[in-house]
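The following note sets out some remarks on the structure for consideration. They are given as numbered points.

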Amino acid sequence: MWNLKEKKAVITGGTKGIGRAAVESFLELGAEVLFTARNESDVKAFEKELKERNLSVTGMVSDATLKQDQQKLSHWIEQHWGKLDILVNNAGVNIRKKAADYSEEEYRKVLEINLIAPFELSQKLFPFLKLSGNSSIINIASSAAMQDVGTGVPYAMSKSGLLQQTRSLAVEWAGDGIRVNAMSPWFTETPLTRTYLEQPEKIAPILKRTPLKRVARAEEMAAIISFLAMDKSSYITGQNIVADGGMSINAI
Ligand SMILES: NC(=O)c1ccc[n+]([C@@H]2O[C@H](COP(=O)([O-])OP(=O)(O)OC[C@H]3O[C@@H](n4cnc5c(N)ncnc54)[C@H](OP(=O)(O)O)[C@@H]3O)[C@@H](O)[C@H]2O)c1
């Protein structure tokens with residue numbers, strides 16, 4: 001069915017950008033959603049807004065990289081749902097610099113949030129995903145996983161690692177009824193990219209290279225995430241859906 005009715009879903013980084021649009025889309029399609037982020041007032045404000053619309057949602061202040069927060073999430077799922085149908089590993093960050101200028105703390109932070117946390121959360125929530133018998137993990141990667149797009153090396157490393165994490169888990173967990181896929185956005189207008197995209201010298205080469213001649217909207221990414229979460233995509237696993245307005249097939 002083209003909906004997410006009766007599905008229980010966790011979306012990390014759900015207060016802004018692509019994660020926020022995914023929360024809205026999942027709720028619209030009938031899922032029950034638990035979303036996370038670190039900033040408490042953002043979490044509370046978004047939860048309140050959605051609950052006022054009588055939607056089945058919970059916001060949790062949770063840092064995807066912290067063991068105690070991963071445990072809190074797992075405990076909540078055990079107490080409230082007893083199983084999990086969908087995990088969207090969306091939380092991600094970037095620090096843009098020349099490779100030689102990164103401190104150890106900076107490149108480790110990018111790798112911790114973008115690459116290690118999705119693995120740890122998938123690992124931690126595996127028993128609940130297995131109990132579902134028909135579940136789906138969606139990892140949000142990036143065009144930077146496949147080509148140099150000027151993001152800085154740690155971000156590119158983290159996202160390409162996430163793609164192979166996706167493929168390897170898809171093979172290992174297929175027998176447990178868990179599909180694992182990735183979605184790779186190109187430039188999408190969100191708080192993460194807003195300042196960057198406001199600079200004329202940055203946006204011009206992006207639009208020149210992109211056949212659709214615009215950056216993406218977060219809702220367009222949420223639609224793909226929603227499809228990968230649905231039973232309608234039941235024969236897709238281990239794949240990376242690239243949503244880049246044609247950028248990667250445009251050689252000249
Ligand atoms: N926008 C793009 O052009 C683009 C392109 C390619 C890929 N992506 C990927 O798409 C994903 C979403 O990007 P976005 O542009 O929507 O980002 P965004 O607007 O900066 O939103 C990121 C969300 O993640 C949360 N977050 C960050 N670190 C977290 C952590 N450690 N634990 C829990 N939540 C955390 C943020 O809230 P708090 O700060 O309150 O925690 C926020 O809700 C990321 O993985 C990004 O790499 C984006």
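1. Gly-133 adopts a positive phi of about 80° just after helix 4. The model is a predicted one, and the remarks below should be read accordingly.

2. Helix 4 itself comprises 29 residues, 104-132. From its first C-alpha to its last it reaches 39 Å, close to the 42 Å expected at 1.5 Å a residue. A bend of about 55° occurs in helix 4 at Phe-126, and the proline Pro-127 follows within four residues.

3. A search of the whole structure yields six aromatic pairs. One of them joins Trp-2 and Phe-227: the ring centres are 6.1 Å apart and the planes lie at 20°, under the 30 degrees required, so the pair counts as stacked. Since Trp-2 belongs to the segment before strand 1 (8-11) and Phe-227 to helix 8 (residues 218-229), the pair ties together parts that are 225 residues apart in sequence. Trp-2 is exposed, at 58% relative accessibility, whereas Phe-227 is partly exposed, at 29%.

4. Phe-187 and Tyr-196 also form a stacked aromatic pair, with 5.6 Å from centre to centre and 5° between the planes. Phe-187 has a relative accessibility of 7% and therefore counts as buried; Tyr-196 is buried as well, with a relative accessible area of 17%. Ring pairs link these two residues with Trp-186 into a cluster.

5. Which residue lies over the face of Tyr-196? Arg-96 takes this position, at 3.9 Å from the ring centre. Elsewhere, Arg-20 lies over the face of Phe-46, at 3.8 Å from the ring centre.

Methods
Residues are numbered from 1 along each chain as its sequence is written. This is a predicted model: local features need pLDDT of at least 70, side-chain atom pairs count only at pLDDT 80 or more; totals for chains, interfaces and linings use all residues. Side-chain values use heavy atoms; hydrogens and water are left out. Helices (H or I, at least four residues) and strands (E, at least two) are DSSP runs, numbered from the N terminus. The expected span of a helix is 1.5 Å times one less than its number of residues. The bend at a residue is the angle between axes fitted to the seven residues ending there and the seven starting there. Rings of Phe, Tyr and Trp (its six-membered ring) pair if their centres lie within 6.5 Å; planes under 30 degrees apart count as stacked, over 60 as edge-to-face and the rest as tilted. Buried means under 20% relative accessible area, exposed over 50%, partly exposed in between (1.4 Å probe, protein chains only). A charge sits over a ring if NZ of Lys or CZ of Arg is within 6 Å of the ring centre and within 35 degrees of the ring normal.
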